[in-house]
Amino acid sequence: MSHGPRSGLAAVSSALLAMSRHLEVRDVLKTIVASARELLDAQYAALGVPDDHGGFAQFVVDGVSEEQWKAIGPLPRQHGILAAMLHEATPERLADVREDPRFGGWPSAHPDLVDFLGLPIRDGDEVLGALFLANKLRPVGGRPPHPPCPKPQGTCGFTPDDEELLGILAQHAAIALTNARLYERSRELTIAEERSRLAHELHDAVSQKLFSLRLTAQAATALVDRDPARAKGELQQVAALAAEAAEELRAAVVELRPAALDEDGLVATLRTQIQVLDRAHTARVTFAGHGVKALPAAQEEAMLRVAQEALHNALRHAAAEHVDVTLHRRGTGAVLRVTDDGGGFDPHAVRRAGRHLGLVSMRDRAAGAGGRLSVQSAPGKGTTIEMEVPGG
């Protein structure tokens with residue numbers, strides 16, 4: 001290690017504490033990667049979580065700018081060194097990864113990697129991911145690390161001590177990652193159970209009202225010719241039952257308001273949902289929130305629903321490869337923007353053809369919250385949906 005024993009122990013302790021603070025899987029992955037890169041003086045670090053289809057469900061990097069990451073392109077497949085770590089579950093320490101016979105090249109925008117240290121993150125026999133570092137940096141005279149410098153031919157900048165330290169970090173990373181997965185799973189189960197309960201209550205309450213409404217309407221129909229006065233009374237009862245059913249539905253909708261929205265606020269709720277979508281889809285889905293204060297509950301819920309509808313369109317219908325969601329402050333209110341690079345469409349043609357892609361619903365939600373919604377799109381040009389609300 002390039003650190004002294006005391007500073008090295010402090011660095012390890014800081015890294016482990018940082019991992020234990022987070023409960024969301026994506027946050028844990030980012031913390032593991034950043035901690036590993038800092039702890040072992042590497043220029044680049046990455047962590048890949050495999051999916052069941054020969055690729056990666058998640059791939060988190062540190063040391064690469066957002067612009068570089070976008071230019072690199074789609075997530076890598078499980079091949080070469082990455083496959084070795086995932087399938088053979090053995091550490092790899094290489095003097096020059098490019099000279100390894102398993103090396104298969106990388107995209108033109110990919111940074112050059114030389115020194116390489118990688119190992120699997122395991123939970124028992126299960127491989128949770130592959131963690132690797134590249135390009136060992138060397139502090140000079142106590143100053144910040146310089147770029148990689150020449151080293152003896154055939155030697156790796158990462159030492160056996162580095163490998164041992166990364167192995168310790170990986171063991172704790174496995175614990176943190178497993179705990180985060182369990183936390184997310186418990187939240188999903190809680191949400192599913194709550195939805196199931198509400199569905200039963202909604203069915204029992206509203207179906208009874210609708211059944212009574214139908215019988216009363218039938219009675220009114222039978223009476224309208226021979227006893228108009230009684231028919232009028234039955235119709236008044238129909239109106240009362242319809243109002244009760246509407247109230248039951250309204251109460252259910254209020255109760256269905258996402259619990260996370262009340263507990264965490266709009267920014268945190270959007271970030272969490274977008275992280276889930278980023279994991280679940282091959283498309284890259286990102287979120288950035290800037291300076292947004294708490295909004296009235298109706299406005300926050302409307303913004304969340306519009307974001308969900310726009311994301312659904314981009315991922316399910318537009319075949320987008322990148323979807324960017326931003327939320328920023330404007331005056332006392334906020335502006336939500338969902339931009340994708342998908343197939344796009346002609347909004348006027350869609351309206352004329354009677355297809356709405358959820359646009360009517362989104363506009364209604366925006367108007368109902370006192371805001372406005374705009375749509376910019378064209379065939380082959382992607383889509384941008386923007387919603388602005390005034391705040392409270």
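**Helix H10, the nonpolar cores and the S4 hairpin**

On helix H10, the face turned away from the buried side carries Asp 364, Ala 367 and Gly 368, which are exposed (over 50% relative accessible area, against under 20% for buried and partly exposed in between, with a 1.4 Å probe and protein chains only). The model is a predicted one, in which local features need pLDDT of at least 70 and side-chain atom pairs count only at pLDDT 80 or more, while totals for chains, interfaces and linings use all residues. Residues are numbered from 1 along each chain as its sequence is written, and side-chain values use heavy atoms, with hydrogens and water left out. Helices (H or I, at least four residues) and strands (E, at least two) are DSSP runs numbered from the N terminus.

H10 spans residues 359–368, and its buried residues are Leu 359, Met 362 and Ala 366. Seen down the axis of H10, these buried residues fall within an arc of 65°, so they line one face of the helix; the arc is that of the directions from the helix axis to the C-beta atoms. The buried residues of H10 pack against helix H8 (297–317) and against strands S9 (372–377) and S10 (383–389). Just after H10, Gly 370 has a positive phi of about 80°.

The largest nonpolar core (a set of buried Ala, Val, Leu, Ile, Met, Phe, Trp, Tyr and Cys residues joined through side-chain atoms within 4.5 Å) has 35 residues, and those with the most contacts inside it are Leu 270, Met 303, Leu 327, Leu 336 and Met 387. Among the elements that each supply at least two residues of this core are helix H7 (259–280), strand S6 (284–290), H8 and H10, and H8 gives the most, with nine residues. Leaving aside neighbours within four places in sequence, Met 303 is in contact (heavy atoms within 4.5 Å) with residues including Leu 266, Leu 295, Leu 327, Leu 336 and Met 387. Apart from this core lies another, of 34 residues, among them Val 12, Ala 42, Phe 158 and Leu 177.

Turning to strand S4 (residues 116–123), six of its eight residues are buried. S4 runs antiparallel to strand S3 (residues 92–94), to which three bridges join it, and Phe 116 in S4 is the bridge partner of Leu 94; two strands pair if DSSP finds at least two bridges between them. Eight bridges join S4 to strand S5 (residues 126–136), again in an antiparallel arrangement, with Arg 122 opposite Val 127 in S5. S4 and S5 form a hairpin with two residues between them, and Gly 124 in the turn has a positive phi of about 70°.
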